[in-house]
Amino acid sequence: MSVRPTDPVPCRVTVCRDCCCGSTKVTGIDHAAQVARLREEVPVRVSACLDVCDQANVIVVQPSAAGRAAGGRPVWLGLVNDPDATEDIVAWATAGGPGVAPLPDILDLYAVSPRRRASPEPSSGGR
């Protein structure tokens, strides 16, 4: 990874690799190479299912501390099944990512919304 110990903490990337993402269900992509390429430039966390299976492969770009301070929020990207898209993510993340660098128009095409989990029903208090 090109981040030096004196560099500020960069944005981080979470890569879904579970039931659909990173599996043979998504053909034509070297899943291991995709993760390896991202790890060359930014910190990467591999996650179990992020529950957006219809958008496999899903990658979430988390803002750095500076990005969060500037109002940046995680950006969810789906259908990242092309090496060029991976390179676009690398370029954006190394430029600062959410809150620091504007989302490139090409990555806006991959933007997806995470599923909202239902809130638990209020307890009836045992009645």
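In which sense do strand 1 and strand 2 pair, and over how many bridges? The two run in the parallel sense, joined over four bridges. The legends below take a predicted model and look at it piece by piece.

**View 1. The whole protein, with its four helices and four strands.** Start at the N terminus and the elements read β-α-β-β-α-β-α-α. There are 127 residues here, and buried ones make up 39% of them. Among contacts with a separation of 6 or more, 68% link residues that sit 24 or more positions apart. The exposed area comes to about 7500 Å², with 52% of it supplied by carbon and sulfur atoms.

**View 2. The open sheet, with its four strands in the order 2-1-3-4.** Pairing in this sheet is mixed. Strand 2 (44-47) and strand 4 are the edges, each pairing on one side only. Going from one strand to the next, the twist averages 20°. Strand 1 and strand 3 run antiparallel and are joined by four bridges. For a spot to zoom in on, try Thr 14, whose bridge partner in strand 3 is Val 60. Helix 1 packs on the sheet, where it touches strand 1, strand 2 and strand 3. The direction of helix 1 makes about 150° with that of strand 2.

**View 3. Strand 1, helix 1 and strand 2 as a right-handed β-α-β unit.** The parallel pairing of strand 1 with strand 2 shows up here again. Val 15 stands opposite Val 46 of strand 2. Ser 47 belongs to strand 2 as well. Is Ser 47 buried or exposed? Its relative accessibility is 16%, so Ser 47 counts as buried, the limit being under 20%. Leaving out residues up to four places away in sequence, Ser 47 touches Thr 14, Val 15, Cys 16 and Arg 17.

**View 4. The largest nonpolar core, a set of 19 residues.** The members that touch the most others are Val 13, Val 15, Leu 38, Val 44, Ile 59, Val 61 and Ile 89. Several elements chip in with at least two residues each: strand 1 (12-16), helix 1 (31-41), strand 3 (59-62), strand 4 (75-77) and helix 3 (83-94). Which of the elements gives the most to this core? That would be helix 3, with five residues. A separate core of 12 residues lies apart from this one, and its members include Val 26, Ile 29, Val 52 and Trp 76.

**View 5. Leu 38 and the residues in contact with it.** Setting aside neighbours within four places in sequence, Leu 38 is in contact with Val 13, Val 15, Val 44 and Ile 59, among others. The rest of its contact list is Thr 86, Ile 89 and Val 90.

**View 6. Ile 89, a residue of helix 3.** Relative accessibility is just 1% here, so Ile 89 counts as buried. Beyond its neighbours within four places in sequence, Ile 89 is in contact with Leu 38, Ile 59, Val 61, Leu 77, Val 80 and Leu 107. How many residues lie between Ile 89 and Leu 103 as a separation in sequence, and what is their distance in space? They are 14 residues apart in sequence and 9.5 Å apart in space, C-alpha to C-alpha.

**View 7. Asp 51 and Asn 57 in the loop between strand 2 and strand 3.** Most residues other than glycine have a negative phi, and most peptide bonds are trans. This loop holds an exception to each habit. Asp 51 is not a glycine, yet its phi is positive at about 65°. With 32% relative accessibility, Asp 51 counts as partly exposed. The other exception is the peptide bond from Ala 56 to Asn 57, which is cis, with omega near 5°.

**View 8. Leu 79, in the loop between strand 4 and helix 3.** Here is another residue with a positive phi: Leu 79, at about 60°, although it is not a glycine. Is Leu 79 buried, partly exposed or exposed? At 43% relative accessibility, Leu 79 counts as partly exposed.

Terms used: Residues are numbered from 1 along each chain as its sequence is written. This is a predicted model: local features need pLDDT of at least 70, side-chain atom pairs count only at pLDDT 80 or more; totals for chains, interfaces and linings use all residues. Side-chain values use heavy atoms; hydrogens and water are left out. A nonpolar core is a set of buried Ala, Val, Leu, Ile, Met, Phe, Trp, Tyr and Cys residues joined through side-chain atoms within 4.5 Å. Buried means under 20% relative accessible area, exposed over 50%, partly exposed in between (1.4 Å probe, protein chains only). Contact means heavy atoms within 4.5 Å. Two strands pair if DSSP finds at least two bridges between them. Axes are lines fitted to C-alpha atoms, for helices over the stretch in contact, and angles run from 0 to 180 degrees between N-to-C directions. A crossover is right-handed if, with the strands pointing away from the viewer, the path from the first strand over the helix to the second runs clockwise. Accessible areas come from the Shrake-Rupley method with a 1.4 Å probe; for residues, only the protein chains shown count as cover.
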